[in-house]
Amino acid sequence: MLDTLRCRYPAVLALLAQLLALAALAVAVLAAARLGEWRPSLWQAALGQGGLAAALGHWLGLRRWWLPLNLAFVPGLLALQSREWPAWWFLAAFLLLLLLNWNSFRERVPLYLSGARTRQRLSERLVGLPADFRFVDLGCGLGSALVQLARDYPRARLVGVETAPLVFLFAWLRCLPYRNCRVRYRSLWDEPLGGYDVVYCFLSPAPMAELWTKARCEMRPGSLLISNSFEIPDVAPDEVIELTDWRASRLLLWHL
Ligand SMILES: C[S@@+](CC[C@H](N)C(=O)[O-])C[C@H]1O[C@@H](n2cnc3c(N)ncnc32)[C@H](O)[C@@H]1O
């Protein structure tokens, strides 16, 4: 159970750490009030809760980058609240984040974008393919890779699939001016891959093993799977293009 949470739903484990820390802090504050004079200020309590949540999260096996998130969550809420912003701001910010990062929770794939150098090298790598090659970006984000390829290869047929609502809308509008480029509101798991010469993705480590199974079942011999930076467990790429950017990105290519 803990292993499943750790691997598949780390956000639930982080929430558990927050709640346990809150409960432990409440007990400690009540006990201190009964036994003596000391009362923590709101800020002391929030920082104590944050420290406890970070330690608990670490103990429960969350990755190291959860430490600052768990530490700062309740103190951050307190800081925001003390500015007396209207309540609907929080709801609006939450909805905006939700519509942008729709796939973070279930698929564990948030929104971040292929950099300019990556897009350039991707485009260069496709030189030599037939002019009307078919390309799909699985989880196309804001459509940046599609737009670059639509300009560089006007005869290619380019498709993006995306399920984060706001991100989809943006990519769809952005690709409208390009006749060779289309964005669909569709899960990457529902997109048949058999018709494409090139399948591109920039996802996260989480779906790569399952994606490989899908690619092997559906992609045609001679087609190309390209992953920005994320490896397929236990399957060495046939080609690696190092990008030497600040993220140390790499394009990993598998010839099906
Ligand atoms: C890291 S971003 C990459 C965006 C774009 N491909 C790029 O390289 O700039 C991953 C995108 O995949 C989308 N995504 C995640 N799971 C998906 C799914 N099952 N179906 C469609 N899109 C998905 C996310 O919403 C996000 O926009």
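Ten helices and seven strands make up the protein chain here. With a radius of gyration of 23 Å, well over the 18 Å that the globule rule gives for 256 residues, the chain is more spread out than a compact globule. Keep in mind that this is a predicted model.

**Overall shape and packing**
- Laid along its principal axes, the C-alpha trace of the protein chain spans about 80 × 40 × 35 Å.
- Burial is counted for 30% of the 256 residues in the protein chain.
- Take the contacts in the protein chain with a separation of 6 or more: 63% of them come from residues 24 or more positions apart.

**The nonpolar cores**
- The largest nonpolar core holds 43 residues, and the ones with the most contacts inside it are Phe135, Val136, Leu146, Leu149, Leu158, Val199 and Tyr200.
- Helix 8 chips in with five residues, the largest share of this core.
- Apart from that core lies another one of 14 residues, with Ala17, Ala21, Ala53 and Phe73 among them.
- Back in the largest core, Phe135 is worth a look: setting aside neighbours within four places in sequence, Phe135 is in contact with Leu149, Ala156, Leu158, Tyr196, Asp197, Val198 and Tyr200.

**Helix 2**
- Helix 2 runs over residues 10-35, so to speak 26 residues' worth of helix, and reaches 37 Å from its first C-alpha to its last, close to the 38 Å expected at 1.5 Å a residue.
- Its buried residues are Leu13, Ala14, Ala17, Gln18, Ala21 and Leu25.
- Two of these names, Ala17 and Ala21, also turn up in the 14-residue core.

**Around the ligand**
- The ligand is surrounded by 25 residues, and the closest are Asn103, Ser114, Gly139, Gly141 and Phe202.
- Elements giving two or more residues to this shell are helix 6 (102-106), helix 8 (144-152) and strand 2 (157-162).
- By type, the shell around the ligand splits into 14 nonpolar, eight polar and three charged residues.
- Helix 8 therefore shows up twice in this briefing, as it also gives the largest nonpolar core five residues.

**Valine 127**
- You'll find valine 127 in the loop between helix 7 (116-125) and strand 1 (134-138).
- Valine 127 counts as exposed because it has just 8 C-beta neighbours inside 10 Å, and the cut-off for exposed is 12 or fewer.
- Valine 127 and leucine 42 sit 85 residues apart along the chain, and their C-alpha atoms are separated by 61 Å.

Definitions and conventions:
Residues are numbered from 1 along each chain as its sequence is written. This is a predicted model: local features need pLDDT of at least 70, side-chain atom pairs count only at pLDDT 80 or more; totals for chains, interfaces and linings use all residues. A residue is near a molecule or strand if its C-beta atom, placed from the backbone, lies within 6 Å of it. Helices (H or I, at least four residues) and strands (E, at least two) are DSSP runs, numbered from the N terminus. Ala, Val, Leu, Ile, Met, Phe, Trp, Tyr, Cys and Pro count as nonpolar, Asp, Glu, Lys and Arg as charged, and the others, Gly among them, as polar. A residue is buried if 20 or more other C-beta atoms lie within 10 Å of its own, exposed if 12 or fewer, and partly exposed in between; C-beta atoms are placed from the backbone. The expected span of a helix is 1.5 Å times one less than its number of residues. The radius of gyration is taken over C-alpha atoms; the globule rule is 2.2 Å times the number of residues to the power 0.38. Two residues are in contact if their C-beta atoms, placed from the backbone, lie within 7 Å. A nonpolar core is a set of buried Ala, Val, Leu, Ile, Met, Phe, Trp, Tyr and Cys residues joined through C-beta atoms within 7 Å.
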